[in-house]
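Trainee: Got a minute to go through a model with me? I'd like to see how the sheets and the core fit together.

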Amino acid sequence: MFHLDDETHVLIAGDWHSNLSWLLNVIPRARSASPTARTLLQLGDFNIGAGRHAKAFVNMADSLCRGQGIERLLITPGNHDHWGRLENIEGWHEGRPAQISERIWVLPRGYRFAIGGRTFMSFGGAASLDRHDRVEGETWWPSEVGSDLEFSSAAAAGRADVMLTHEAVDGATSATDSITAGHNPYHWPGDRLEASAESRRRTTHLWNVVHPAILFHGHLHAGATGALNDGRRVYSLDMDARRGNLGVLDLETLSWVWH
C-alpha cells in the first residue's frame, strides 16, 4: 500500500500517550528537523481509542500534520493502544493498515512497506509491565502481544532494511537491558517482568531473523543507542515530553539524527 519512492528522509517518534501539549510541540519540531520529509513513523502508545480524549488527540494530530505538510502518520501500535478496537476494523486481520483519519494509519503486525528505496517492517505490541493497574478489555488487552502465527508469518517474509517495533529487544542497549533486568523505579511485579521477558524473547528472535540494518522501538521510555558487532544498530526512543522522542532517518545513508 505504501511504496513511496521519491522520499529521501523519514521522521520517527516514540510514545506520545495522548499528550496534547507534546503533540503541539513535536509535530512542528518534526517539520523543522526535516523540511522535506512527508512521512512520520510513530512507535506506539499513541493511545488509539484508549481514553476519553483519544478522538480529540487523533483529530489534533491529523490537523497538525496537514498544517505542517506531513502527508502521512503511520503508527506501529503499542501495548496501550486499543487492540480490541483495532481488531474490529475491516481488513486488519487480512494485513491491511487501518486508516483512522485522513492522514493517519495504524499498521498491522508484520506489515511491510517501502520509503525511498528502503524496506520497512512494522510489528506492534508489547507486554504491559503495568498490567496490574489496568482493566482487561478497557485499558489492557490480551492481544497486546503477538500470536505465534503473527510472529512466524512476519519472520517468513524475510529481511528488511528497517524494523519498527514497540517492544524492546534484548542485548541491544545497556539502558534498556538495565530497565528490563529490574533496575527501575517502578517496582514492577515478578509476573509482569516474566511476561515482558517472554515478549522480548520472541521480538528479539524476530529481529534476528529479519536482520534489519536498524531497529527502532519505544515502550521502555529510554532514549538510547546500541551498536552490535555485526553492524546492526538499535535506537530506543524516549516518551513524550522528553529528549530522545524524535529523530530523522536519512534513507540513502541510513544515518540517524536525534532532534
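Mentor: Sure, let's take the sheets, then the cores and the aromatic pairs; keep in mind that this is a predicted model.

Trainee: OK, what's the strand order in the sheet that has β1 in it?

Mentor: That one is an open sheet of seven strands, ordered β1-β7-β8-β9-β10-β12-β11, and its pairing is mixed. The edges are β1 (3-4) and β11 (224-227), each of which pairs on one side only.

Trainee: How does β11 pair with β12, parallel or antiparallel?

Mentor: Antiparallel, over four bridges, with β12 covering residues 233-236. Alanine 224 sits opposite serine 236 in β12.

Trainee: And what about β10, what does it do with β9 and β12?

Mentor: β10 runs parallel to β9, joined by three bridges, and leucine 164 has phenylalanine 216 in β10 as its bridge partner. β10 and β12 also run parallel, with four bridges between them; there, leucine 215 is partnered by valine 234 in β12.

Trainee: Are the faces of β10 covered or open?

Mentor: Both are covered. Ile214 and Phe216 on one side are buried, and so are Leu215 and His217 on the other. That split fits a general pattern: in a regular strand, side chains alternate between the two faces of the sheet.

Trainee: Which helix lies across that sheet?

Mentor: α6, residues 190-210, which lies across β7, β8, β9, β10 and β12 and runs at about 165° to β9. α6 has 21 residues and spans 30 Å from first C-alpha to last, close to the 30 Å expected. Its buried residues include Ser196, Ser199, Thr203, Leu206, Trp207 and Val210. Histidine 211 follows α6 and has a positive phi, near 50°.

Trainee: Switching topic: where's the other sheet's edge?

Mentor: The other seven-stranded open sheet goes β5-β6-β4-β3-β2-β13-β14, again with mixed pairing. Its edge strands are β5 (98-99) and β14 (256-258). β5 pairs with β6 in the antiparallel sense over two bridges, and glutamine 99 is opposite tryptophan 105 in β6. α1 packs on this sheet, touching β2, β3 and β13, at about 30° to the direction of β13.

Trainee: How many residues are in the largest nonpolar core?

Mentor: It has 31, and among those with the most contacts inside it are Trp16, Ile27, Leu40 and Phe46. Several elements give two or more residues, including β2, α2 and β13, but α1 gives the most, with six. Leucine 40 touches Leu11, Trp16, Ile27 and Leu73, among others. Apart from this core lies another, of 23 residues, with Val162, Ile214, Phe216 and Trp256 among them.

Trainee: Phe216 again! What is it stacked with?

Mentor: Tyrosine 235, at 5.4 Å centre to centre with 20° between the planes. Phenylalanine 216 is in β10 and tyrosine 235 in β12, so the pair ties together parts 19 residues apart in sequence. Phenylalanine 216 has a relative accessible area of 0% and tyrosine 235 has 7%, so both count as buried, the cut-off being under 20%.

Trainee: Which other ring does Tyr235 pair with?

Mentor: Tryptophan 256, in a tilted pair: 5.5 Å between centres and 40° between planes. Tryptophan 256 lies in β14, so this pair links distant parts of the chain, 21 residues apart. Tryptophan 256 is buried as well, with a relative accessible area of 10%.

Trainee: Any aromatic cluster worth a look, and which residues form it?

Mentor: Look at Phe2, Trp105, Tyr111, Phe113 and Phe120, which form one cluster.

Key:
Residues numbered from 1 in each chain as written. Predicted model: local features only at pLDDT ≥ 70, side-chain atom pairs only at ≥ 80, totals over all residues. Heavy atoms only, no water. Pairing = 2+ DSSP bridges. Contact = heavy atoms within 4.5 Å. Axes fitted to C-alpha atoms, helices over the stretch in contact; angles between N-to-C directions. Core = buried A, V, L, I, M, F, W, Y, C linked by side-chain atoms within 4.5 Å. Buried < 20%, exposed > 50% of the residue type's maximum accessible area, 1.4 Å probe, protein only. Expected span 1.5 Å × (residues − 1). Phe/Tyr/Trp six-rings, centres within 6.5 Å; stacked < 30°, edge-to-face > 60°. Lists of a residue's contacts leave out its neighbours within four places in sequence.
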